[in-house]
Amino acid sequence: MMRAPFFRLIALVLCSTAPAWVAAQDYGDTPYVQTPQVVVDKMLEMAKVTAKDYLIDLGSGDGRLIITAAKKYGARGFGVDLNKSLVTLSNRNAAKAGVANRAVFYERDLHETDITQADVLTIYLLPEVNLMIRSRVLALKPGTRLVSHDYGFGEWPPDVEIVMDAPGKPVGRDQKSKVMYWMVPSRVAGKWLWQQAIDGKPQFVELNVDQVFQKITGTVSVSGRSAKMENAVLAGEHISFAAMLDIGGKPVRHEFSGKVINNAITGEMRRSGAPQSWTAMRTELRDPRFTDLKPGVMAR
Ligand SMILES: C[S@@+](CC[C@H](N)C(=O)[O-])C[C@H]1O[C@@H](n2cnc3c(N)ncnc32)[C@H](O)[C@@H]1O
């Protein structure tokens, strides 16, 4: 398995005010550094954790993320860590907090951990390690939420990013932490077709979408006339966009929203008056761009 470059581990430890023993043990790809409790609380708040959620913490340290989620929100989940004594400590901490039935910890390599049941994934890992797991994260069910402490996922931009005070943080001089939030997007690239009453009569509407991570662009075409998708948003499996479509020779704003389920989208279209429903089927499937290619270079 690829390991994070040694200099990064040294850098993390050198700027650490944590005790020396922290660096002395084998912590796999990422050294052990605790997330301060205020940052844990913010991560769970940003992920909008509820009692219905199943959380997985990759590299769970002393278990604080999963234990807090279980205690504060009634959520369930597990954490994995390579360090046996941290796993023992986490299970003991969960028992002390009275949540051992909902927060469990295993001695396991995160790269060999099945993460497919996660509703929420929490991580505090080095950026290289994030990149190693990114394709597995993007393959999770659309709508899965992800929160990361300090480090991102390369070119995959977070949906939300904040910088906050992190008093007592054992690394860094400024006592600040970055928290980033993403939602795994549906794969919507390709062409979609449906019938809709646009100018008083049913017409075929074609949507042609390009996708780079969660960012979508494209056109909506009716009777050979194309309009740009405007204000396009893809949040997990929810898509919304507007288009200026021709009504009696004038451009009129139409607003679409819908839910993506594999090769279908169902939702509502609003113009003026009552909303109409729409159901589109995908007629051409393309791969979204989930790579580290430079902007402007489209992978097809
Ligand atoms: C920066 S600490 C984060 C601890 C905890 N999640 C927190 O935020 O307080 C990273 C943790 O990942 C663990 N770790 C590193 N590589 C790992 C791997 N390949 N599999 C499982 N755990 C790993 C380390 O032992 C360490 O406890």
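Visitor: What makes you call both Phe241 and Phe256 buried?

Guide: Buried means under 20% relative accessible area (over 50% is exposed, in between is partly exposed; 1.4 Å probe, protein chains only), and both Phe241 and Phe256 are buried, so each falls under that 20%. This is a predicted model, where local features need pLDDT of at least 70, side-chain atom pairs count only at pLDDT 80 or more, and totals for chains, interfaces and linings use all residues. Residues are numbered from 1 along each chain as its sequence is written, and side-chain values use heavy atoms, leaving out hydrogens and water.

Visitor: How many aromatic pairs are there, and why is Phe153 with Trp182 called edge-to-face?

Guide: Rings of Phe, Tyr and Trp (its six-membered ring) pair if their centres lie within 6.5 Å; planes under 30 degrees apart are stacked, over 60 edge-to-face, the rest tilted. The count comes to 12 aromatic pairs. For Phe153 and Trp182, the centres are 5.1 Å apart and the planes at 85°, so the pair is edge-to-face. The pair links distant parts of the chain, 29 residues apart: Phe153 is in the loop between β5 (145–149) and β6 (160–165), and Trp182 is in strand β7 (residues 176–183). Phe153 and Trp182 are buried too.

Visitor: What makes Phe241 and Phe256 a stacked pair?

Guide: Their ring centres are 5.0 Å apart with 20° between the planes, so they meet the 6.5 Å and 30 degree limits. Phe241 in strand β13 (residues 238–247) and Phe256 in strand β14 (residues 250–261) are 15 residues apart.

Visitor: Which residues form one aromatic cluster?

Guide: Phe153, Trp156, Trp182, Phe213 and Phe290 do.

Methods. Helices (H or I, at least four residues) and strands (E, at least two) are DSSP runs, numbered from the N terminus.
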